Amino acid sequence: MTPARLLFVNHVSSMSGAEFVLAQVAQAFPGASAFLFEQGPLLAALEAHGLRGIVAKNGAGLGGIKRDKSLVRALPALAKLAGLVREIAGAARAHDVLYANSQKAFLLTALAASIVRRPLVWHLHDILNPEHFGGMQRRLQIGLANRVATRVVVPSGACADAFVEAGGRPEIVAVVPNGVSPPQAAPRPTREALGLPEGPLVGVFSRLAHWKGQHVLLKALHETPGVGAIVVGSALFGEEAYERQLRATVRELGLGDRVTFLGQRNDVMRLMSAVDCVVHPSTLAEPFGLTLVEAMMARTSVVATDAGAAREILDDGRAGQLVTPGDALSLAAALKAFFAAPQDFAQQRDHAALRAAERYSADRMRGDIRALVEQLAAGRSG
């Protein structure tokens, strides 16, 4: 069978969770095309995997429209958006299946798919609930999905449930958990080699955003003397004020000698394997949590808030500790329990590593998505 001619569409080219997933998925489709609204690291990553990059002529600046605001804010950009739809439709005519990897990309690709009559996959990386999105945005996205999307791929049962509760058609949903490539076998790096402090040390790994909960970790550290932390990630989407707030909190709580901000890094799993515990302190429901799986594969203990997909990934607490979202005292208690007897969590780490290898590998994710795309392409040609 001739391989499906696939067109990926994404609205940003900076690297965050959804973009890392796209870069992993794309490895299953050498020779596919990627339509991006802007230049950036994602474009380079996709081209390195053998994809043909297409950069929009009218896409610059659209990433600045906040996902958690009403789409009314996007009205001044309507002319530019219409131009993007035409560009996507033009690129789509040479492809069998369209694959939108973000909400903004889906909105415009759905309109293009209606014009060129191509099957459309929406890889939904978000939980569509009122905590994250306004009512107008949810109604628009769900309405388009019900009418235009051939499949909606989601990474967790939590995402699938939220989509259906918001009015989405359950028969178009396919749960394909995100996948991570296992680290190469190598000795654990020393703290000294990585420039990390000695002593009890935790790490939080995500972009800096209020709902990611880094401020909760700082408050928990204030309750756990002697424990240090590294904060890995940066403010990617106009959230610089939150980063300034975090640094101010460090000063106010007297944590300057215990908290290190490392910014964006490309050696996350090495850093994870060097800390004692990975903390995932999100205050709102997470659609997935790549850092959870990465920590599990690194055989590093995990403490995560019990919101969204974390319970699913951590096997109801058998693969990591679960704490109350937004509760610094609950997080502090979990950290104290861990550092009182780290050896007691060895069996939990072993279970987590096995679960990650069996359920959350990049190869498994790529295989599942490739089978789905080929099925849609075969249906179109049949």
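1. Cys-277 is buried, with a relative accessible area of 0%, and Cys-159, at 1% relative accessibility, likewise counts as buried. The structure, which is a predicted model, holds zero disulfides. A disulfide is a covalent bond between the sulfur atoms of two cysteines. The residue number of Cys-277 also appears at the start of strand β11 (277-280), the element that precedes the loop holding Glu-286, a residue taken up again in point 4.

2. On confidence, the mean pLDDT of the protein is 92, and 94% of its residues reach 70 or more. Residues 67-71, however, have a pLDDT below 50, although this stretch has 11 contacts in the model beyond its near neighbours in sequence. Where pLDDT is low, the predicted coordinates should not be read in detail. I would ask that any description of residues 67-71 state that their pLDDT is below 50.

3. As to the nonpolar interior, the largest core has 62 residues, and those with the most contacts inside it are Phe-8, Phe-29 and Val-373. Leaving aside residues up to four places away in sequence, Val-373 touches Ala-4, Leu-6, Phe-29, Val-97 and Tyr-99, so that two of the three residues with the most contacts inside the core, Val-373 and Phe-29, touch one another. A second, separate core comprises 43 residues, among them Ile-54, Val-85, Ala-105 and Ala-112.

4. Which residue forms a salt bridge with Glu-286? The partner is Lys-212, and the closest N and O atoms of the pair are 3.0 Å apart. Glu-286 lies in the loop between β11 (277-280) and α11 (290-297), whereas Lys-212 lies in the loop between β8 (201-205) and α8 (214-222), so the salt bridge ties together parts that are 74 residues apart in sequence. Both ends of the pair are buried, Glu-286 with a relative accessible area of 5% and Lys-212 with one of 12%. A search of the whole structure finds 16 salt bridges.

5. Asp-350 and Arg-299 also meet through their side chains in a salt bridge, at 2.9 Å from N to O. Asp-350 belongs to helix α14 (residues 346-359) and Arg-299 to the loop between α11 and β12 (301-305), so this pair ties together parts that are 51 residues apart in sequence. Here the two side chains are partly exposed, with relative accessible areas of 45% for Asp-350 and 44% for Arg-299.

6. A further salt bridge joins the side chains of Arg-311 and Asp-306, at 2.5 Å from N to O. Arg-311 counts as partly exposed at 33% relative accessibility, and Asp-306 counts as partly exposed at 30%. Both residues belong to a network of salt bridges that also links Asp-315, Asp-316, Arg-318 and Arg-355.

7. Asp-315, a member of that network, deserves a separate remark on its backbone, since its phi is near 55°, a positive value in a residue other than glycine. Most residues other than glycine have a negative phi, and most peptide bonds are trans. Asp-315 lies in the loop between α12 (310-313) and β13 (321-323), and at 14% relative accessibility it counts as buried. Arg-117 likewise has a positive phi, near 60°, and is placed in the loop between α4 (103-116) and β5 (120-123). Is Arg-117 buried or exposed? With a relative accessible area of 68%, Arg-117 is exposed, in contrast to Asp-315, which is buried.

8. Glu-87, placed in helix α3 (residues 78-92), is buried yet has no salt bridge. The nearest side chain of opposite charge is that of Lys-57, 5.9 Å away, and a salt bridge here requires a side-chain nitrogen within 4 Å of a carboxyl oxygen. Lys-57 is nevertheless among the residues that Glu-87 touches, together with Phe-35, Ala-56 and Asn-58, when residues up to four places away in sequence are not counted.

9. Arg-258 is found in the loop between α9 (240-252) and β10 (259-263) and is buried, with a relative accessible area of 18%. Not counting residues up to four places away in sequence, Arg-258 touches Leu-221, Thr-224, Pro-225, Gly-226, Val-227, Gly-228 and Ala-229. How far apart are the C-alpha atoms of Arg-258 and Ala-89? They are separated by 52 Å, with the two residues 169 apart along the chain.

How values were computed
Residues numbered from 1 in each chain as written. Predicted model: local features only at pLDDT ≥ 70, side-chain atom pairs only at ≥ 80, totals over all residues. Heavy atoms only, no water. Helix = DSSP H or I, 4+ residues; strand = E, 2+ residues; numbered from the N terminus. Buried < 20%, exposed > 50% of the residue type's maximum accessible area, 1.4 Å probe, protein only. Lys, Arg positive; Asp, Glu negative; His and termini not counted. Contact = heavy atoms within 4.5 Å. pLDDT = per-residue confidence, 0-100. Core = buried A, V, L, I, M, F, W, Y, C linked by side-chain atoms within 4.5 Å. Disulfide = S-S within 2.5 Å.
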